[in-house]
Amino acid sequence: MPARGERALGLRRVSTDVEREKRLAAEAAAELVEDGTSVGLGTGSTAAYFVTALAKRRLDIRCVATSLATEEAARASGLRVESFAGPDALPALDIAVDGADQVAPDRWLVKGGGGAHTREKIVAQAAGQFVAIVSSDKLVDTIGTPIPLELLDYGLAATLERLGHVEIRDATRTPDGGVIADWVGPVESPADLSRKLEATPGVVEHGLFGPELVSFDTNQVINQFAACLLGLGLNEAAYMAEIVRGGISSVDHGQTEAAGALGMSRAQTLRRIVLPQAMRVIIPPTGNETISMLKTSSLVVVIGYFELLTSVQRIYSVNFQTIPLLIVAALWYLALTSVLSVGQGFVERRYGRGVASGPAGPALFGFLRKAAPA
Ligand code: 5RP
């Protein structure tokens, strides 16, 4: 009895978590919808949470529904639902949000647990952005059976014979008169199975949704500034790690041993003995890296982040003065790198105190080193 009770408790906990996940995913998706846009509403329990969350936002939006159940729920929540049938319906949607039965890491989805996959695929295809909202129990390593199908009644026996491995579902016809069935044969590759099903006359639609339907707006995952920071930062971090390592290992190990013999802790040895000497080796390449990073920052032009080269490009795309404007950019880079080189000279001199040969700094600014206080 206790085992049964525990099992029952476990089941209840899992299902509560799943419902919570569905609701949270739906609420997050509702936040993606912008005022004045057109929205495709999916079918199923997760899509129902989305309808509720979306209605709460009281946006001025136009919706189309993928099933009668969703249409009724959306209208009851106060959403404006339009027909998606006929030549006068909306030709495209801004966003569609729907649940799924399986989601694989390669972004293949299976939909159609509720038999609405034909309409769901049409709506997903029409949308500029398709967002699948699922609870964690829908995540799979590889796509498997069943794969929902909608079949034409005409020639049904011949279609079934041709496909093999198909079971007709005990479900009512779709609003478009289709017969709901499931592919239960092998799924070696979703792409191959998808092609095979599409090439079979009588298959109205299948529930395999390819990665091209599932969109990720990378700007919502990470903004331009964060992307630049990450890209340039990681690149520089890799070089700097080697420079610092080289600087520290250039300090003779005997000095660490001597510091230990004097009773210094590891932190004190690093701070008072190793780093001051290592800095002489670290500073010159660090200065070079900083100057080179200034120029490397122009690479962010490829993602349109606003910096010197982007501004120059924007100007010459209007006045066609390409070469003069690129020269202007080059002069700015020269001015900025020169200022940094002067700074580098001062820092090198500061860390080179007490070394007879003096720091190896840019020869051009040797006169400034002489002028700088020792
Ligand atoms: C209906 C669907 C559903 O989106 C899918 O079955 C997921 O349903 P639920 O959100 O209830 O788990 O494809 O045809």
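**Meeting the ligand, the helices and the salt bridges**

Visitor: How far apart are the backbone N or O atom of Ala 116 and an oxygen atom of the ligand?
Guide: Welcome! This is a predicted model, in which local features need pLDDT of at least 70, side-chain atom pairs count only at pLDDT 80 or more, and totals for chains, interfaces and linings use all residues. Residues are numbered from 1 along each chain as its sequence is written, and side-chain values use heavy atoms, leaving out hydrogens and water. The distance between the backbone atom of Ala 116 and the ligand oxygen is 3.2 Å.

Visitor: What percentage of the ligand's accessible area does the protein cover?
Guide: Accessible areas come from the Shrake-Rupley method with a 1.4 Å probe, and for residues only the protein chains shown count as cover. On its own, the ligand has 370 Å² of accessible area, and the share covered by the protein is 90%.

Visitor: Which residue has a polar side-chain atom 2.5 Å from an oxygen atom of the ligand?
Guide: The ligand is surrounded by 17 residues (each with a heavy atom within 4 Å of it). Gly 113 comes to 3.4 Å from a ligand oxygen, through a backbone N or O atom. The residue with a polar side-chain atom at 2.5 Å is Thr 46.

Visitor: How many charged residues does the shell around the ligand have?
Guide: Ala, Val, Leu, Ile, Met, Phe, Trp, Tyr, Cys and Pro count as nonpolar, Asp, Glu, Lys and Arg as charged, and the others, Gly among them, as polar. The shell has 2 nonpolar and 9 polar residues, and the number of charged ones is 6.

Visitor: Where does Leu 334 lie?
Guide: Leu 334 joins Ile 323, Leu 326, Ile 327 and Leu 331 in a nonpolar surface patch of about 480 Å². Such a patch takes residues with over 30% relative accessible area and no salt bridge, joining nonpolar side chains (Val, Leu, Ile, Met, Phe, Trp, Tyr) within 5 Å and like charges within 9 Å. Helices (H or I, at least four residues) and strands (E, at least two) are DSSP runs, numbered from the N terminus. Leu 334 lies in residues 322–351, helix α12.

Visitor: Is Leu 334 buried or exposed?
Guide: Buried means under 20% relative accessible area, exposed over 50%, and partly exposed in between (1.4 Å probe, protein chains only). Leu 334 has 52% relative accessibility, so this residue counts as exposed.

Visitor: Which residue forms a salt bridge with Glu 27?
Guide: A salt bridge places a side-chain nitrogen of Lys or Arg within 4 Å of a carboxyl oxygen of Asp or Glu, and the structure holds 12 of them. Glu 27 and its partner both lie in helix α1 (residues 2–32), 4 residues apart, about one turn of the helix. With its closest N and O atoms 3.4 Å from those of Glu 27, the partner is Arg 23.

Visitor: How many residues apart are Glu 82 and Arg 62?
Guide: These two form a salt bridge, their closest N and O atoms being 2.5 Å apart. The pair links distant parts of the chain, with Glu 82 in strand β3 (residues 81–82) and Arg 62 in strand β2 (residues 62–65), and the separation in residues is 20.

Visitor: Is Asp 182 buried or exposed?
Guide: Asp 182 meets Arg 169 in a salt bridge of 2.9 Å, N to O. Arg 169 counts as partly exposed because its relative accessibility is 22%. Asp 182 has 10% relative accessibility, so it counts as buried.

Notes: Polar contact = N/O pair within 3.5 Å; in protein donor to acceptor, adjacent residues only side chain to side chain.
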